[in-house]
Amino acid sequence: MRYSSSLKVNSVRNGLGIVALKAFAPGVTLCQIKGRVVTGETVWRYWDTDPRRGENCFRYDADHYLDPEGEIGAYANHSCNPNAGIVKTGIRLLLQAIRPIAAGAEITHDYTTLLGADDVWTMKCNCGEVICRKVVRSFSKLPAATLRRYRKLGIIPYFILKTG
Ligand SMILES: [Zn+2]
């Protein structure tokens with residue numbers, strides 16, 4: 001696994017996660033989410049054989065997902081109060097800071113921002129934030145204020161917005 005020397009995979013609240021080794025300012029790209037582009041059918045197969053792997057996949061476009069197995073993206077955990085978000089530029093998914101991140105903090109993003117209205121997957125949330133929504137599901141179910149904020153930050157890709 002190759003990634004920035006400013007990031008580390010470490011023990012966090014929910015198993016392993018990505019931890020910042022230095023402070024990051026909002027808007028900074030933390031890393032590219034690398035992996036293999038796979039079809040929705042492949043992700044469905046993961047649910048049967050290796051649910052964790054399915055959970056780790058990032059929606060990549062209308063019909064594809066990115067499987068980060070073996071890359072740092074496999075350790076990117078969800079939070080309902082995230083300090084980072086996923087931005088798609090061209091063919092790349094980038095993990096970007098959306099608020100100041102202190103050295104030692106876990107880097108999280110809101111999985112909701114990559115769950116279209118057509119994604120049926122849901123997950124019980126254990127992020128521990130005061131504003132935890134308890135269930136992770138489609139962006140279209142986000143509280144209006146959160147949705148507005150995420151849209152303004154540009155962390156809900158167009159192909160997700162299109163599904164709503
Ligand atoms: Zn939560």
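Two strands are taken to pair when DSSP finds at least two bridges between them, and by that criterion strand β7 (residues 77-78) and β10 pair in the parallel sense, over 2 bridges. The structure in which this pairing occurs is a predicted model, and the description below moves from its overall dimensions to its strands, its core and a few individual residues.

The secondary structure of the protein chain comes to 4 helices and 12 strands. Taken along the principal axes, the C-alpha atoms fill a box of roughly 40 × 35 × 30 Å. A compact globule of 164 residues would have a radius of gyration near 15 Å, and the protein chain, with 15 Å, agrees with that expectation. Buried residues make up 34% of the 164 residues. Among contacts between residues at least 6 apart in sequence, 67% join residues at least 24 apart.

The pairing of β7 with β10 can be followed through N77, whose bridge partner in β10 is T108. Strand β10 (residues 106-109) is also joined to β2 by 2 bridges, and there the two strands run antiparallel; in that pairing V19 stands opposite E106 of β10. In a regular strand the side chains alternate between the two faces of the sheet. Both faces of β10 are covered, since E106 and T108 on one side are buried, as are I107 and H109 on the other.

Strand β2 has a further partner in β1 (residues 7-12), to which it is joined by 6 bridges in the antiparallel sense. The bridge partner of V9 in β2 is I18, and the two strands form a hairpin with 2 residues between them. Within β2 lies G17, a residue that touches N10, V12, Y75, N77 and E106 once residues up to four places away in sequence are set aside. G17 counts as partly exposed because 19 other C-beta atoms lie within 10 Å, while a residue is called buried if that number is 20 or more. G17 and N126 are 109 residues apart in sequence, and their C-alpha atoms are 14 Å apart in space.

A separate group of strands is found elsewhere in the chain, where 3 strands form an open sheet in the order β4-β6-β5 with antiparallel pairing. Strands β4 (36-39) and β5 (58-59) stand at the edges, each with a single partner strand, so one side of each is left without a neighbour in the sheet. The pairing of β4 with β6 is antiparallel and extends over 4 bridges, with R36 standing opposite D67 in β6. Helix α1 (residues 40-49) packs on this sheet, touching β4 and β6, and its direction makes about 90° with that of β4.

The largest nonpolar core holds 33 residues, of which L30, F58, L66, I86 and L95 touch the most other members. The elements that give two or more residues to this core are β2 (15-20), β3 (29-33), β6 (64-67), β8 (84-89) and β9 (92-97). The surroundings of I86 can be listed in detail: leaving out residues up to four places away in sequence, I86 touches I33, F58, L93, L95, H109, T113, L114 and I155. Among these contacts are F58 and L95, which are themselves named with I86 as touching the most other members of the core, and H109, one of the buried residues of β10.

The loop between β11 (123-124) and β12 (135-136) contains E129, and K134 is found in that loop as well. E129 counts as exposed because it has 12 C-beta neighbours inside 10 Å, the term being applied to residues with 12 or fewer. Setting aside residues up to four places away in sequence, E129 touches S79, C80 and N81. For N81, the separation from E129 is 48 residues in sequence and 6.5 Å in space, C-alpha to C-alpha. K134 is likewise exposed, because it has 9 C-beta neighbours inside 10 Å. The backbone at K134 has a positive phi of about 70°, although K134 is not a glycine.

Conventions. Residues numbered from 1 in each chain as written. Predicted model: local features only at pLDDT ≥ 70, side-chain atom pairs only at ≥ 80, totals over all residues. Core = buried A, V, L, I, M, F, W, Y, C linked by C-beta atoms within 7 Å. Contact = placed C-beta atoms within 7 Å. Rg over C-alpha atoms; globule rule 2.2 N^0.38 Å. Axes fitted to C-alpha atoms, helices over the stretch in contact; angles between N-to-C directions.
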